[in-house]
Structure formats: C-alpha cells, structure tokens
Amino acid sequence: MLTIQNECLTLSVDPLGAQMMELNSRQGTRYLWDGNPDYWSGRAPVLFPFVARMTEGKCRLEGQIYQMGIHGFAKLSAFSVEEQTESSLSLLLEDSEQTQKQYPYRFQFRVRYALEGWCLKIRYQVNNRDQRQMHFSLGGHPGFRVPLAEGTDFEDYFLRFSRPCEPDQVGFTDALYLSGRDCLFPLEGGTTLRLRHDLFDHDAIVLKHMDRCVNLGSDKTGCAVTVEFPQMPYVGFWHMPGKDAPYVCVEPWLSLPARQGVIEDLACRSDFVHLEPGGVYCNDWSITVTEG
C-alpha cells in the first residue's frame, strides 16, 4: 500500500489497479467505502480503456475482435510507481503481452493523485506510443461511505449539483446496455437527488447534460464530499442493487456502455478519444471533502 498525506488528508492507494483504498481526514473521518464484500468489494476502481459493459465482453479494433471485462483491464493491472512525494503520487501502466491480448495498442496510462488542502486532485494521462490512432475511454468509480457521520442515516443524504440543470437519464436495457431511450431526470429544485436505497434497484442512474460538480452531503452534518469532473460528460450514481448498502458511488465517465447486441467498433464511437500517434491526452477531476 502507498500513502501520501498533507496537513488535512491522508490517501492510501493500491498499486494493483491504482485504486484509492482510503481517504481520511487527519481528524479521523473516513470518506471512502471500505470494500466490505457483503455489499461490494471495490472501493474506487480506475476505468480504462472502456467504461461499463461490452456486448458479449467483446469489441472490434483494427478489424479484429478482442475480449475485455467490464470497465476495462486497468482495474486488474499492476501499476509501477513513477514518482512519489509526501503529498503526491504518480502511477504508470504500460502495454504488455497481457494487455495486447485485449487491446492492440502500445500506450502509457498514468494516474496521478495530489493532495492540496482539503482537495484530492486526480489526473488521468494517456500517451499513444503506437504508429496508429488509438481509441479509448476512461472514468472514475469512487465509492463514498453513507452515512459519513454518527447519528445520521443513508436517507438523510443527498446528491446536489452545484448549479440548476435539467439532466437526461441514459436509457438502459434489462441487461444494462444502451437502449437509446433517454428521458428527462427531474431534480428537486433543479439540483438535488435525495438518497434512497431503492433508487438503485435497477442498477446505476447515469445522467448526461448535467452540471459537472456534485456534492454528497446532509442537512444533519457538515461532513460532505464534492466531486468535480469538468471533462467528463456523464456521471453515474450507484450502489449494489437490491441491498441496503451503506455507500454510494459517484462515477464520472467519458463514454457510455455498448449498445444492446452490438459488438462496438471503438474507432466509430463518437464518445471515445481517438488519439493520434505520439499524442497525449489528459483528464483532470477532483474530490474535495468538508469536515463536520
């Protein structure tokens, strides 16, 4: 386990998947979900080079069919430590014989974490080391403890966008692929979704056309988490369906899952990054915590 800290926060990261494992205030408040397998063993997977599900677990690249698990292979890959200071950490994943079996490109994928006051800044960087255009997506999947404070319950919390918006909910089939049937998702006051466990009975709520800054908080405590994702056009809210799970995931996504019954050609996806040879792509987002 790798640990960085500053005067406000401590972050622990597992090099396997570059996954955040603990994000704690120096006062002792735990903000990340603890990975209890009774509900969900994940904590904050890094999603690359695909987000969510592909039909039959397959995609098409360069005229060939490749097999890849949900959310891509980065979450199960060993990253190396490229740089570490007291308050920052940069982890690197490079293509290998194992990745080439799933994804035919030569690449570098960096995940950088940096603590600045009460804010954790996260950067995903992709370098195309190939001689051809590279097609990929990425996203975050952090789970946050709910409730965050003693004396509060799950239903006391809300997700609140920083500005009024009229998002659309992305439509999914029963098998959780794109259905093409999106609909308006009403928010209380144009900003607020109050948490209930049954919100997630049909899996994730994925929104588009929303504000790109959302706060997880409660009127009963000052403990809160704000996730800001200016370069991600989608956000998913999720916990394990059909359970009273004591967490919620706030998932900024660059792209959407596959269409039902379609083995997607990633070069044709308009929501993917199509990076030229030698190109570099960066995506910055952040998690800011507020103490009660």
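A salt bridge is a side-chain nitrogen of Lys or Arg within 4 Å of a carboxyl oxygen of Asp or Glu. The close-up views below are taken from a predicted model.

**View 1. Arg259, Glu264, Arg269 and Asp271 are linked in a network of salt bridges.** Within this network, glutamate 264 forms a salt bridge with arginine 259, and the closest N and O atoms of this pair are 2.8 Å apart. Glutamate 264 is buried, with a relative accessible area of 4%, whereas arginine 259 is partly exposed, with a relative accessible area of 44%. A search of the whole structure finds 15 salt bridges, and further examples are shown in the next two views.

**View 2. A salt bridge joins aspartate 156 and lysine 220, with the closest N and O atoms 3.2 Å apart.** The two residues belong to distant parts of the chain, 64 residues apart, since aspartate 156 lies in the loop between β13 (143-145) and β14 (157-161), while lysine 220 lies in the loop between β19 (213-218) and β20 (221-228). Aspartate 156 is buried at a relative accessible area of 18%, but lysine 220, at 59% relative accessibility, counts as exposed.

**View 3. The side chains of aspartate 182 and lysine 208 meet in a salt bridge of 2.7 Å, N to O.** Here too distant parts of the chain are linked, with aspartate 182 in the loop between β15 (168-169) and β16 (183-184) and lysine 208 in strand β18 (residues 205-208), 26 residues apart. Aspartate 182 is partly exposed, with a relative accessible area of 34%, and lysine 208 counts as buried at 19% relative accessibility, because buried means under 20% relative accessible area.

**View 4. Glutamine 108, in strand β9 (residues 107-116), is shown with its surroundings.** The side chain of glutamine 108 is joined to that of glutamate 94 by a polar contact of 3.0 Å. Leaving aside residues up to four places away in sequence, glutamine 108 touches Leu92, Leu93, Glu94, Gln125, Val126, Asn127 and Arg129. Glutamine 108 is buried, with a relative accessible area of 15%.

**View 5. Three strands form an open sheet in the order β1-β2-β3, with antiparallel pairing.** The edge strands, β1 (2-5) and β3 (19-25), each pair on one side only, and the twist averages 20° from one strand to the next. Four bridges connect β1 with strand β2 (residues 9-14) in the antiparallel sense, and leucine 2 has valine 13, in β2, as its bridge partner.

Notes:
Residues numbered from 1 in each chain as written. Predicted model: local features only at pLDDT ≥ 70, side-chain atom pairs only at ≥ 80, totals over all residues. Heavy atoms only, no water. Pairing = 2+ DSSP bridges. Axes fitted to C-alpha atoms, helices over the stretch in contact; angles between N-to-C directions. Buried < 20%, exposed > 50% of the residue type's maximum accessible area, 1.4 Å probe, protein only. Polar contact = N/O pair within 3.5 Å; in protein donor to acceptor, adjacent residues only side chain to side chain. Contact = heavy atoms within 4.5 Å.
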